[in-house]
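Student: I would like to go through the ligand site and the enclosed spaces of this model. Please show it before we start.

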Amino acid sequence: MAFKATLLANILAAIATHAWMKTYDPVPLGVVVTALLTVPLISTFIANFINPSSSMFSLVLAYPSFYFALTASICAYRLSPFHPLAKFPGPIMLKLTKLPSTWIAFKGKNHVYVKDLHDRYGPIIRTGPNELSTIDKELIPQILGNQGMPRGPQWEARSFGSGESNGLDSLISSRYTAVHAELRVQWNKAFSAEALRNYEELLIPRLVEFNNHLKKACGKGTAQLNIANWISRFTYDFMGDWVFSENFKTMENGDKEGRIEMMDKSMHLMSIIQQIPWIAPSVRSFPILNKWIVKFVSYNIQDSTIRSQKEMKRKDLFYYMGEAAGRSGSDFDVIAENCNLASIAASDTTASILSNAVYSLLSNPEKYKKLQQEVDKTFTEHEINSFHLSTGEEVDGKMYGEILGSMKYLNAVLNETMRLYPVIPTGLHRAPEPGSSSKTLRIGNDIILLPEGNSVNVSLYALHRDSRNFSPHPDAFIPERWLSSSEKSEYVTSKDMFIPFSMGPANCAGRTLALVELRYTLSFLVRNFNMEFDTPNYDPARWVQDLRDQYVLQKGGLHLRMSLRGEQ
Ligand code: HEM
């Protein structure tokens, strides 16, 4: 009898605990742990008070029965028709827990996994107890567009800052529409036509330096180079120029401080903990786990501090985030947070696309040749000589952004690269605005009610490889699919479903600069160097295997044999 009373008390307590956790979700981890430790004790005490028995025996029974009942209650609810996401298909394990996704994120293969799930289950799937993923054409604008939702809790886990959801964090991790819109105004000013021209002026000398390093490495013969690593250092140094007015000299001296490595390790941790955002603050309170993030941020704070003490020579991002926004020294945290964001957004992203573009071209020699022909023709026609190695000339002050922007094949190659290898492959995460209770989405005549506490992800990797949007051969690198506009084209190319920079109010703020940098850098590489895979030392099949979805699409090494091209 006493045995039954303890059992019953703990089952009831478990159900009540579950109901309480659901109602006040997300409950801070510390409170949850305290509840899990104390509630079985209290319920057993009450049961024993009403029906005295051997307290030792009751205690032995209390914890297992409570945890078992709590787990059963949670699982039953998540699989039940009462769950708001009940009607969406997906593997049972994912409906129950995010643990499998956490493991897959650890391995960096979430993009492949989610695409595979969409192939199996359809355009709207359940990828977690409270999470959907969609590649549905009708839903995407409702999620990302102007009337869509703000960023979801995954972005808090990705925050480099304090991670507070209501404070002035960086633009990318603010979850409130109004806070985001206010910050975005300043970011938009930082990419005005005048600002862009300024950045372009900074880009050219840095590109010439990149050119010269590669030229030196090649000497009069052939060099074996990890071009992905060189590209990362180039994009990082260029970021230093226009964000902090500082030359980090990673091309000259190597990544001695390990900044690029730190950035990548930080994002690996974030990509894992974002799967279960509510544990993120606790995980990040462990110094051993958080050390890369802390170190990376401390470098950026140091860079912002140095920049704040310098006389401004050019309008860099620090200026736009600070002085131009009417912010002063007391707002240093906001300025530094946003410069910190730019240090990743403006380096790892372009490095990822450029390396993937080189890999794709070398894997498709006829496309490589076609691009080279276009680049040679355009550079000759417009006398774009200052990048040509053999001239060794200094920068001539001319800007070529517009000319490069009109190069059809170059832009088709970049589009095709961003289609196949989107920089943020799975992480366009959105959730109902905190405090809004729910978001209503429409699909045909159906209504999807997404209550607060639930979220939805758009997977660009799956969207861009969906044969309904891009065919034939959605997984193949075919820049030509971007060139034909006629109805009779042999290609289906859904341009509205090509969103590598996302869409809506939180789309990529740096899109215009990114495109300028990509066009310049790729055309200069193709113009000035012969490039081929360094086989048999390097197996090109490794490239795709080494790509990892770690918030930003991370890459391994890309080992090439490179030599200078002669006069064209
Ligand atoms: C090829 C290069 C790049 C790609 C493909 C890319 C892609 C993206 C995507 C997909 C997002 C939106 C995420 C979402 O919807 O939640 C984003 C946001 C953002 N990107 Fe980029 N990005 C690139 C380069 C850059 C550069 C060079 C900058 C310059 C700092 C930049 C700054 C930002 C910022 C500030 C945001 C947040 C925008 C907001 O919340 O309003 N990105 N980027």
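Tutor: The exchange below covers the ligand, then the cavities. This is a predicted model, where local features need pLDDT of at least 70, side-chain atom pairs count only at pLDDT 80 or more, and totals for chains, interfaces and linings use all residues. Residues are numbered from 1 along each chain as its sequence is written, and side-chain values use heavy atoms, with hydrogens and water left out.

Student: Which residue is the only protein donor of the iron atom of the ligand?

Tutor: Donors are N, O and S atoms within 2.8 Å of the metal (3.2 Å for Na, K and Ca); water is not among the atoms, so sites may look incomplete. One protein atom qualifies, an SG at 2.3 Å from the iron. Its residue is in the loop between strand S9 (492-493) and helix H23 (511-528), where helices (H or I, at least four residues) and strands (E, at least two) are DSSP runs numbered from the N terminus. The donor is Cys 508.

Student: Which side chain has an N or O atom 2.6 Å from an oxygen atom of the ligand?

Tutor: A polar contact is a pair of N or O atoms within 3.5 Å. Arg 430 has such a pair with a ligand oxygen at 2.7 Å, and Ser 502 has a polar side-chain atom 2.7 Å from a ligand oxygen. The side chain at 2.6 Å is that of Arg 151.

Student: Where does the ligand sit?

Tutor: A cavity is a set of points, on a 1 Å grid over the protein atoms alone, where a 1.4 Å probe fits but cannot get out. A molecule sits in one if more than half of its atoms lie within 2 Å of its grid points. By that rule the ligand is in the largest cavity.

Student: Which element supplies the largest share of the lining of the largest cavity?

Tutor: Lining residues have an atom within 4 Å of a point, and 47 residues line this cavity, Cys 508 being one of those nearest its centre. The elements that give two or more residues are H9, H17, H18, S4 and H23. The largest share, 6 residues, comes from H17.

Student: How many residues of the lining of the second largest cavity are polar?

Tutor: The second largest cavity has 16 lining residues, with Asn 110 and Glu 131 among the closest to its centre. Helix H6 (110-121) gives the most, with 3 residues. Of the lining, 3 residues are nonpolar and 3 charged, and the number of polar ones is 10.

Methods:
Polar contact = N/O pair within 3.5 Å; in protein donor to acceptor, adjacent residues only side chain to side chain. 1 Å grid on protein atoms, 1.4 Å probe; cavity = no way out; pocket = protein on both sides within 12 Å on 5 of 7 lines; lining within 4 Å. Nonpolar A, V, L, I, M, F, W, Y, C, P; charged D, E, K, R; others polar.
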